[in-house]
Amino acid sequence: MQKDALTLSGAVDDETGDETPPSGADSFMHALSLFWKLQFALIPPEAWGMGWPAFITSLIFIGIWTAIVGELASLFGCVIGLGDAITAITFVALGTSLPDTFASRLATLHDEHADAAIGNITGSNSVNVFLGLGIPWIIGALYHRYAPRGKGQYDVPAGSLGFSLALFSTLAAVALLTLLVRRHFNGGELGGSRKSTRLLSLFFVSLWVIYIVLASLNDKGYLADL
């Protein structure tokens, strides 16, 4: 598998099925992604053990790189003067959510319906909320309850969490309502003319920008009097 990761291959001709020589762009992308290919080569084949070794190994890699991305983003935010809350909703969120974005794009291209693409996003966010918050909270509560150095009670101040959650819920409701409107008028959540899809993409990006700007202003205290 490591040999396959190191091998530079060209594209496959759709008509003849023959492999064409690698182009300059292929060589550049191979060099750019070689580090990641070598890591992917360490994941066992999915045919082994009903796919469980591949699944567990993938989770380990995801956990390692999520921790690295989070730490680097926190250090970068500290260097440029951003607080942990703003860093979390910008750099950390981008680093951990971009793989879901690419996975949804692939699902959109290869699946007949929009269920896989939208379900991938909602499922990923469900895991982040329920497991990403629940499991660390349980570990923290057990540590503070039973560890010799524990304080007996596990309390974490909310900070600006209330405003961020209210803002996120409002914008998420707007996004879901937009998808329902598209289903009613266009017959589906995704697709349509090039102009409409680009306008919708810009609209969803603008919702994210609104969330980032308002949540950051609130964290800095500029919206405290509103």
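These legends go with several close-up views of a predicted model.

**View 1. The whole protein is built from helices.** Welcome to the full chain, where there are seven helices and zero strands. Read from the N terminus, the order of elements is α-α-α-α-α-α-α. Of the 226 residues, 19% count as buried. The protein exposes about 16600 Å², and carbon and sulfur atoms supply 68% of that area. Among contacts with a separation of 6 or more, 44% join residues 24 or more positions apart.

**View 2. Helix α3 has the span its residue count calls for.** Here we follow helix α3, which covers residues 52-80. Its 29 residues, at 1.5 Å each, should span 42 Å, and the C-alpha atoms at its ends are 42 Å apart, so expectation and model agree. Just after α3 comes G81, which takes a positive phi of about 85°.

**View 3. Some residues of α3 are buried.** Look along α3 for its buried residues: A54, T57, G70, A73 and G77. What covers these residues? Part of the cover comes from α4, made of residues 84-110.

**View 4. A nonpolar patch lies on the surface.** This close-up gathers M50, W52, F55, I56, L59, I60, I62, I64, I68, L72 and L75, which form a nonpolar patch. Together they have about 1200 Å² of accessible area. One member to pick out is L59, a residue of helix α3. Is L59 buried or partly exposed? Its relative accessibility is 44%, so L59 counts as partly exposed, because that class runs between 20% and 50%.

**View 5. T66 of helix α3 pairs up in space with a residue far along the chain.** T66 is another residue to find in helix α3. With 35% relative accessibility, T66 counts as partly exposed. How far apart are T66 and G95 in space, C-alpha to C-alpha? The distance is 7.9 Å, although 29 residues separate T66 and G95 in sequence.

**View 6. L131 sits in helix α5.** Our last stop is L131, found in helix α5, which takes in residues 115-146. At 46% relative accessibility, L131 counts as partly exposed. Which residues does L131 contact, once its neighbours within four places in sequence are left aside? The partners are S126 and P136.

Technical notes: Residues numbered from 1 in each chain as written. Predicted model: local features only at pLDDT ≥ 70, side-chain atom pairs only at ≥ 80, totals over all residues. Heavy atoms only, no water. Helix = DSSP H or I, 4+ residues; strand = E, 2+ residues; numbered from the N terminus. Expected span 1.5 Å × (residues − 1). Buried < 20%, exposed > 50% of the residue type's maximum accessible area, 1.4 Å probe, protein only. Contact = heavy atoms within 4.5 Å. Patch = residues over 30% accessible without salt bridge, like charges linked within 9 Å, V, L, I, M, F, W, Y side chains within 5 Å. Areas by Shrake-Rupley, 256 points an atom, 1.4 Å probe, with all protein chains shown as cover. Salt bridge = Lys/Arg side-chain N within 4 Å of Asp/Glu carboxyl O.
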